[in-house]
2 protein chains.
Amino acid sequence: MLSQTEENYLKALFHLTEEYADKPEAGTNELAAMLNVKPATANDMLKKLKEKKLIHYEKYGKISLTSLGKKQAIDIVRKHRLWETFLYEKLEFTWDEVHEVAEQLEHIHSPKLIEKLEKFLGYPLIDPHGDAIPNAKGELKLQARKTLSQIAVGKTCKLVAVRDNSATFLQYVVSVGLGLSSKIKVLNRQEFDGTMEIEVNGKKSSVSERFANNIFVA
Amino acid sequence: MLSQTEENYLKALFHLTEEYADKPEAGTNELAAMLNVKPATANDMLKKLKEKKLIHYEKYGKISLTSLGKKQAIDIVRKHRLWETFLYEKLEFTWDEVHEVAEQLEHIHSPKLIEKLEKFLGYPLIDPHGDAIPNAKGELKLQARKTLSQIAVGKTCKLVAVRDNSATFLQYVVSVGLGLSSKIKVLNRQEFDGTMEIEVNGKKSSVSERFANNIFVA
DNA sequence: TATATTTGTTAGACTAACCTAACTTTATAT
DNA sequence: ATATAAAGTTAGGTTAGTCTAACAAATATA
Ligand SMILES: [Mn+2]
Ligand SMILES: [Mn+2]
Ligand SMILES: [Mn+2]
Ligand SMILES: [Mn+2]
């Protein structure tokens, strides 16, 4: 059985190389950064994960998940998102509070628990952040998503998900009037730095390109 | 913040010395046995827990919880029993399945989670095994309980709780027709080894003294 | 009370997960 | 093509939690 730490490494690799991936392989440094450890620490773990046939990896080479590693990673993601949904739907947690607790709950080992939880929640398809919830077989539709930064001036779009799950970011999102399914009108974009003028429910705001890169729309 | 391991030691000490305690102090060996570690391991932890002012302990002396240690222990017990109740009431887990998963869930750190969970469950007072659930202040009524082995021949009593939470024991309990609130009539007792003849819902069974010691009745 | 048994402690070793400091390889920019 | 910078690795060390083997103290027994 995998340790919590090993599970966290697989999940991070999944996010870096599979889900919303710009590229299909990851590097030691970015992986370490995502997990808040030093590259030397990540390097130790890479050797162990390779030994367990969970990742493809050669010294000085790029990293990717094996099909076994991917299966494990998706299982953690599934648990994470089902727990987030539980906290949000049943326990009155807010958007920005669910992620942190789900980081702990995702490591509870009990197949029965997660099956029953899924049933209890009515087989939800997306979590409170708009992310797809993998089914029991590990199937997951990777929605092709545009970011707000890619929307042309004058167009209107709908918020379908957020990339960053941190409380800081989500509270900021809420403060400009946004939530899942919000309609966003793009009023203007500065060529210089990508800063955008947007309108949500009649309220106008100015957001940075970095902000817009973290909002997925359709 | 306490580690999961430290939490498990405090909980074990609580069970040994506070709840249903024959005696108010514990020894290294029985503590180690309860946690499935070697006495040498437990000894190391005792030094650490003493350092953190969670237990009273002197070399070669007996062990007991400080008020701080007791407070922490009760908090774990509270979480354990609320989670057991959740699994039983909301997720269709059976009597004998809840304990093992609750052993993991009890270590999730989030005061908000446990408050909301308690509310969601309707502020339950007892868990699926009949054990009292401490409230948010750490208050817990320690019911004075008799065991089935103490009931006189000819008398009838009601099962209010079980001492052993293991799946093996609970499945045995179910197999003789027993559950929470079952009426038990004591038909006979062998002087030699305490073996008892009992009747539950018209069904007669013979149970050992050890079995009867693990059934709490009123 | 002397001896045997039980209980508890210490010393030394191991693994997982982390670190820093030094080094090597690969990539980038003159 | 070289020099610098970035990325990645290695060596050696720490802490938590575990173990075995040897020892010491306390308790029970003859
Ligand atoms: Mn999340
Ligand atoms: Mn999410
Ligand atoms: Mn239990
Ligand atoms: Mn219980």
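This briefing covers the manganese sites, the cysteines and a sheet of chain A. The model is predicted. In chain A, A:Glu84 bridges two manganese ions, ligand 2 and ligand 1, and in chain B, B:Glu84 bridges ligand 4 and ligand 3. The count of disulfides over all chains is zero.

**Manganese in chain A**

- The manganese ion (ligand 2) has as protein donors A:Glu84 through OE, A:Asp127 through OD and A:His129 through ND1, lying 2.2 Å from the ion.
- Along the sequence, the donor residues of ligand 2 have the spacing E-x42-D-x1-H.
- The two manganese ions bridged by A:Glu84, ligand 2 and ligand 1, lie 3.4 Å apart.
- A:Asp127 has a relative accessibility of 3%, so this donor counts as buried, the limit being under 20%.
- A:His129 is buried as well, because its relative accessible area is 0%.

**Manganese in chain B**

- For the manganese ion (ligand 4), the protein donors are B:Glu84 (OE), B:Asp127 (OD) and B:His129 (ND1), at 2.1 to 2.2 Å from the ion.
- The spacing of the ligand 4 donors along the chain is E-x42-D-x1-H.
- B:Glu84 joins ligand 4 to a second manganese ion, ligand 3, and the two ions lie 3.5 Å apart.
- B:Glu84 belongs to helix α4 (residues 67-89) of chain B, while B:His129 sits in the loop between α6 (111-120) and β3 (146-147) of chain B.
- These two residues are 45 residues apart, and the pair links distant parts of the chain.
- B:Glu84 and B:His129 are both buried.

**Cysteines**

- A disulfide is a covalent bond between the sulfur atoms of two cysteines.
- By the criterion of cysteine sulfur atoms within 2.5 Å, there are zero disulfides over all chains.
- A:Cys157 has a relative accessible area of 4% and is therefore buried.
- B:Cys157, at 5% relative accessibility, also counts as buried.

**Sheet of chain A**

- Six strands of chain A form an open sheet in the order β3-β8-β4-β5-β6-β7, and the pairing is antiparallel.
- The edges are β3 (146-147) and β7 (203-207) of chain A; each has a single partner strand, so one side of each is left without a neighbour in the sheet.
- Within this chain, strand β5 (residues 183-189) and strand β6 (residues 196-200) run antiparallel and are joined by four bridges.
- A:Val186 is placed opposite A:Ile198 of β6(A).
- In general, strands of a sheet pair through backbone hydrogen bonds, either parallel or antiparallel.

Key. Residues are numbered from 1 along each chain as its sequence is written. Chains are lettered from A and ligands numbered from 1 in the order in which they are written. This is a predicted model: local features need pLDDT of at least 70, side-chain atom pairs count only at pLDDT 80 or more; totals for chains, interfaces and linings use all residues. Side-chain values use heavy atoms; hydrogens and water are left out. Donors are N, O and S atoms within 2.8 Å of the metal (3.2 Å for Na, K and Ca); water is not among the atoms, so sites may look incomplete. Buried means under 20% relative accessible area, exposed over 50%, partly exposed in between (1.4 Å probe, protein chains only). Two strands pair if DSSP finds at least two bridges between them.
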